[in-house]
Structure formats: structure tokens, C-alpha cells
Amino acid sequence: MTANEAASPTLLPAAAMAGRDDPVDRILSTAYELFSRRGIRDVGVNELIDSSGVSKATFYRHFPSKDALVLAFLELRDQVWTVDLIVAEARRRGNTAEERLLAVFDVFGDWFKREDFEACTFINVLLEMGPGHPLGMASIGYLSRIRDHIQALAEEAGLNRPEEFARSWHILMKGSIISATEGDILASKRAQQMARWLIEHHRSL
């Protein structure tokens with residue numbers, strides 16, 4: 001871990017590991033920061049061991065391979081980012097299912113403005129490792145879970161063809177993340193406008 005990384009805010013919310021301080025949690029917390037910021041291939045096992053403050057034997061006792069740790073990281077990322085941040089916060093901000101859908105992009109707008117904005121880990125890992133790699137396949141699975149959340153909201157809103165809607169909506173989500181990574185500070189607002197049109201389209205089908 002570089003000095004700049006050590007001094008920067010942590011990406012993993014404190015609540016995610018509250019009351020947990022065993023070696024597994026230290027390894028996972030370290031992996032969350034390093035993998036989220038730098039990707040998978042750039043982070044080696046020795047760095048993970050040194051930064052988490054555990055012995056090599058302890059590391060391999062809990063995670064027999066680096067891929068095993070990445071899979072655990074992806075699972076944690078799904079809970080912290082997809083469920084606790086995006087879905088829960090969008091549901092909190094909206095009073096109706098339609099408002100909750102649109103609130104996804106309000107949550108994105110706040111996220112895009114953060115100095116530690118790290119884009120979508122599942123997209124990053126999929127592109128880095130490829131769809132045929134086990135980690136790429138796992139990322140595809142977690143991206144599918146995001147669509148499931150959107151489909152559930154679409155069904156609550158009474159939209160027609162909710163599965164098709166969720167796939168189109170997810171394209172807007174992923175596209176806005178890429179645009180924000182390029183530096184488009186209005187990416188979430190642009191996506192939200194198109195999202196309103198998509199909702200109207202699926203009401204009129």
C-alpha cells in the first residue's frame with residue numbers, strides 16, 4: 001500500500017466490519033481497498049499479506065488462493081455496494097417504486113462526485129479477467145443480481161416486460177458509470193432523463 005493510499009479515505013464503510021477484527025476480516029478489508037482501487041492483477045498476494053498484518057500461513061489457511069479471496073471480495077462488494085448503498089438508499093429516497101427507480105441515479109450522482117469514486121468493480125473485474133475466467137463469470141453473476149433488484153422495482157411499479165426493462169435500465173446504469181469515469185459530472189442526470197423515457201415506454205407497451 002502506498003503512502004497516498006494509506007492516507008486516503010477507506011472505501012469499505014466502517015459499519016460493514018463493525019465489531020469484527022479477526023484475521024479473515026482484516027484480509028477482506030485490505031483486499032476490498034486494494035482490489036477496488038487497483039484491480040485484481042496489479043495486487044499481489046505478498047502485498048495483501050503485508051498490508052493486512054497476517055502471516056502467510058494464516059492467509060492461506062483462510063484463502064487457499066488469490067482467486068478465492070477475490071470471490072470473497074466480490075461477495076462483500078455485492079453486499080456493501082449493490083445492496084447497502086445503491087438499492088437500500090434508492091428505496092429510502094423514493095416514496096413510490098417509480099421514484100425509487102429514478103433515485104438510483106440520484107445515488108449515482110452523489111457517488112460520482114466522491115474523490116474516491118472507483119467505478120463498478122463487477123464491470124472492472126469482468127473486463128480485466130474476461131468472461132471465460134471464473135472471476136469474470138462471478139462478476140457476470142453479480143451484475144445479473146443488480147438487474148434482479150431493478151426488475152423487482154419495475155414489477156412493483158407495474159411496468160410491462162419488467163425483465164426487458166431491467167436489462168435496458170442496467171445499460172443506462174453501466175453507461176453512466178463509464179461516462180462518469182471519463183469525467184462527465186452530469187452523467188447521472190443524463191442517464192436519469194433517458195430513464196424517465198424508458199419508464200414511459202414500458203408503461204405504454
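This is a short tour of a few places to select in the structure, which is a predicted model.

**Stop 1: two packed helices**

Start by selecting residues 23–38, which form helix H2, and residues 66–93, which form helix H5. The axes of H2 and H5 lie 9 Å apart and meet at an angle of about 85 degrees. Angles from 65 to 115 degrees count as roughly perpendicular, so H2 and H5 are roughly perpendicular to each other.

Now show the side chains where the two helices touch. On the H2 side, pick Ile 27, Leu 28, Ala 31, Tyr 32, Phe 35 and Ser 36. On the H5 side, pick Lys 66, Leu 69, Val 70, Ala 72, Phe 73, Leu 76, Arg 77 and Val 80. Colour this set by residue type, and you will find 11 nonpolar, 1 polar and 2 charged residues in the contact of H2 with H5.

**Stop 2: along H5**

Keep H5 selected and follow it from end to end. H5 has 28 residues, and the distance from its first C-alpha to its last is 38 Å, close to the expected 40 Å. Pause at Val 83, where a kink of about 30 degrees in H5 is centred.

**Stop 3: Trp 81**

Next, select Trp 81, also in helix H5. Is Trp 81 buried or exposed? Its relative accessible area is 4%, and the cut-off for buried is under 20%, so Trp 81 is buried. Show what surrounds it: beyond the residues up to four places away in sequence, Trp 81 touches Ile 86, Phe 108, Trp 111, Cys 120, Phe 122, Ile 146 and Ile 177. You can also draw a C-alpha to C-alpha distance from Trp 81 to Gly 175, which spans 17 Å in space and 94 residues in sequence.

**Stop 4: Ser 52**

Move on to helix H3, residues 45–52, and select Ser 52. Ser 52 has a relative accessibility of 6% and therefore counts as buried. Which residues is Ser 52 in contact with, leaving aside its neighbours within four places in sequence? They are Arg 26, Ile 27 and Thr 30. You have already met Ile 27, one of the H2 residues in the contact with H5.

**Stop 5: Arg 41**

Finish in the loop between H2 and H3, where Arg 41 is found. Arg 41 counts as exposed, with 54% relative accessibility. Not counting residues up to four places away in sequence, Arg 41 touches Lys 66, Glu 128 and Met 129. The C-alpha atoms of Arg 41 and Lys 66 are 9.9 Å apart, with their positions 25 residues apart along the chain. Lys 66 is also one of the H5 residues in the contact with H2.

How values were computed:
Residues numbered from 1 in each chain as written. Predicted model: local features only at pLDDT ≥ 70, side-chain atom pairs only at ≥ 80, totals over all residues. Heavy atoms only, no water. Axes fitted to C-alpha atoms, helices over the stretch in contact; angles between N-to-C directions. Helix = DSSP H or I, 4+ residues; strand = E, 2+ residues; numbered from the N terminus. Parallel < 35°, antiparallel > 145°, perpendicular 65-115°, else oblique. Contact = heavy atoms within 4.5 Å. Nonpolar A, V, L, I, M, F, W, Y, C, P; charged D, E, K, R; others polar. Expected span 1.5 Å × (residues − 1). Bend = angle between axes of the 7 residues up to and from the residue. Buried < 20%, exposed > 50% of the residue type's maximum accessible area, 1.4 Å probe, protein only.
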